[in-house]
Amino acid sequence: MINFLFDMVYLLAAVGFFICLKLLSSPKTARLGNFIGALAMALAVLATLLANKPQALGAVGISVLLGSIVGVIMAQRVAMTAMPQMVAMFNGLGGLASVLVACGEALRYFYDPLVQPGALFSFTSWFSVVVGAITFSGSIIAFLKLQELMPTRPILVSGQRLFTGLIFLVTMVSLVLIINAPKDLFIFSMLALIATVLGVLLVIPIGGADMPVVISLLNSYSGIAAMAAGFVVNSNILIISGALVGASGVILTRLMCSAMNRSLMNVIFGAFGSLDQASASGEEKPMKEFVPIDAAMVLSNANKVIIVPGYGLAVSQAQRNLRDLADAIKHLGVQVSYAIHPVAGRMPGHMNVLLAEADIPYQELFDLDEINAEFETADVALIIGANDVVNPSARTDKSSPLFGMPILNADKAKTVIVMKRGKGRGFAGVENTLFTLDNSGVVFGDAKQSLIKVINALKEV
Ligand code: NAP
């Protein structure tokens, strides 16, 4: 009876995870989804403890408290632009946890002369250690690259791919060894070590530019490792939650790749960013400068303005100033909407979260497919800290790394106003012809300062 009750609680927690994922898919319901997910996880942890080790409740409670304090501090201290690094660390720790769970359980078997691990146990613990260790070391490399604590360019020396292939082969062969000698502690420890090296070798040849995709992939790995750990310790709820993380990570990775028009193979083996793409694009044309009063005049005379936010808006933390500008021109009768590219910024949903922080109404936010046709009838496309996602060369220049990536048709608007600090290129490192078009003007400076200046200038026109 008691077991049935615990199973029901696990079922409830699993339903909570499903509802959480569903609600997370819309900005309107995301907060509630997050809360339900956290509640379901707390329920699952509590039920697992009570069902197995109620005496550990106090110790685990203290760990949960400490973890929560660290989480709250990190949520407040880590800038949103550094979120990919934080997620990388979380993934890495998730992978490490799966390795430790599998090792702990294996050690229990090793020292119990009465039990003989079966093939299923050997396979799932092998899988959990391999995927968990790759996730751990791969995530650490991703973190170091994003934080620029190590070179961000792809690191690829001659023979490296062959060596990686050999290590991969050894990892596979170790499965046979472990199934044949399931109590050999040496093989098990060597496996953990080799898989850790494999994680480093797999991520080191990928450029810093592709790290967000790699992080999403590693996120999926951490879920798959947790799922395998669930089989090791015979926990249904761990299997379900691991599978959900694994599947959603794969979906996100695919979405990111298709939004950038890159294949996953190209991300993993393409060494994107190793070329000097900046110099490959030829001579640069000058950009026409708009002083704030120019921008204010164009905006105040417009009927329809489409705002394109990008990574620079997040760097400048100018979302509230953007809202102030939008409010000011709306007050003048201008119709305002926001065009959100699926990979604007540095993580999926980056712009939605940023704009939600400034309480910008959801109904003014439109996805690429919804708004692209609207640019042709817009008087102004206002580009704030965006670059690659509005680069017209993605349509025509076959030599561009952006070729084929769907872009926002900002160049089709009557006038394009750009806010950026200087001649800096975007994430892909290529020149953007949009900024030098006859109908474009650039307000140079940090986005926040430029927005404040244009808002002040609006009072004078
Ligand atoms: P972007 O191409 O990185 O361009 C950012 C622009 O912002 C730069 O031109 C920069 O020019 C400007 N900028 C930087 N700091 C600024 C500041 N403080 N004030 C004003 N401007 C500033 O950005 P994006 O158009 O958003 O494109 C995102 C890129 O990231 C895409 O290439 C996408 O493929 C890639 N990516 C995104 C994701 C994701 O999930 N979102 C994942 C992987 C890759 P200046 O230096 O001249 O100011």
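**View 1. Glycine 345 meets the ligand through its backbone.** In this predicted model, a polar backbone atom of glycine 345 lies 2.9 Å from an oxygen atom of the ligand. Taken alone, the ligand exposes 920 Å². The protein buries 97% of that area.

**View 2. Aspartate 388 and glycine 422 also face ligand oxygen.** For aspartate 388, the partner is an N or O atom of the side chain, 2.6 Å from an oxygen atom of the ligand. For glycine 422, a polar backbone atom is 3.0 Å from an oxygen atom of the ligand.

**View 3. The shell around the ligand holds 31 residues.** The closest are Arg346, Asn387, Asp388, Arg421 and Asp446. Sorted by class, 14 residues of the shell are nonpolar, ten are polar and seven are charged.

**View 4. Helix 13 and strand 5 both contribute to the shell.** Helix 13 spans 311-316 and strand 5 spans 415-420. Each supplies at least two shell residues. Helix 13 gives the most, with four residues.

**View 5. Two domains share the ligand shell.** Domain 1 covers 82-269, and domain 2 covers 292-460. Each of them provides at least three residues of the shell. The space that the ligand takes is the second largest pocket.

Note on methods. Residues are numbered from 1 along each chain as its sequence is written. This is a predicted model: local features need pLDDT of at least 70, side-chain atom pairs count only at pLDDT 80 or more; totals for chains, interfaces and linings use all residues. Side-chain values use heavy atoms; hydrogens and water are left out. A residue is near a molecule or strand if one of its heavy atoms lies within 4 Å of it. A polar contact is a pair of N or O atoms within 3.5 Å; within protein, one must be able to donate a hydrogen and the other to accept it, and residues adjacent in sequence count only if both atoms are side-chain atoms. Accessible areas come from the Shrake-Rupley method with a 1.4 Å probe; for residues, only the protein chains shown count as cover. On a 1 Å grid over the protein atoms alone, a cavity is a set of points where a 1.4 Å probe fits but cannot get out, and a pocket is an open set with protein on both sides within 12 Å along at least five of seven lines; lining residues have an atom within 4 Å of a point. A molecule sits in a cavity or pocket if more than half of its atoms lie within 2 Å of its grid points. Ala, Val, Leu, Ile, Met, Phe, Trp, Tyr, Cys and Pro count as nonpolar, Asp, Glu, Lys and Arg as charged, and the others, Gly among them, as polar. Domain bounds come from an automatic or database domain assignment.
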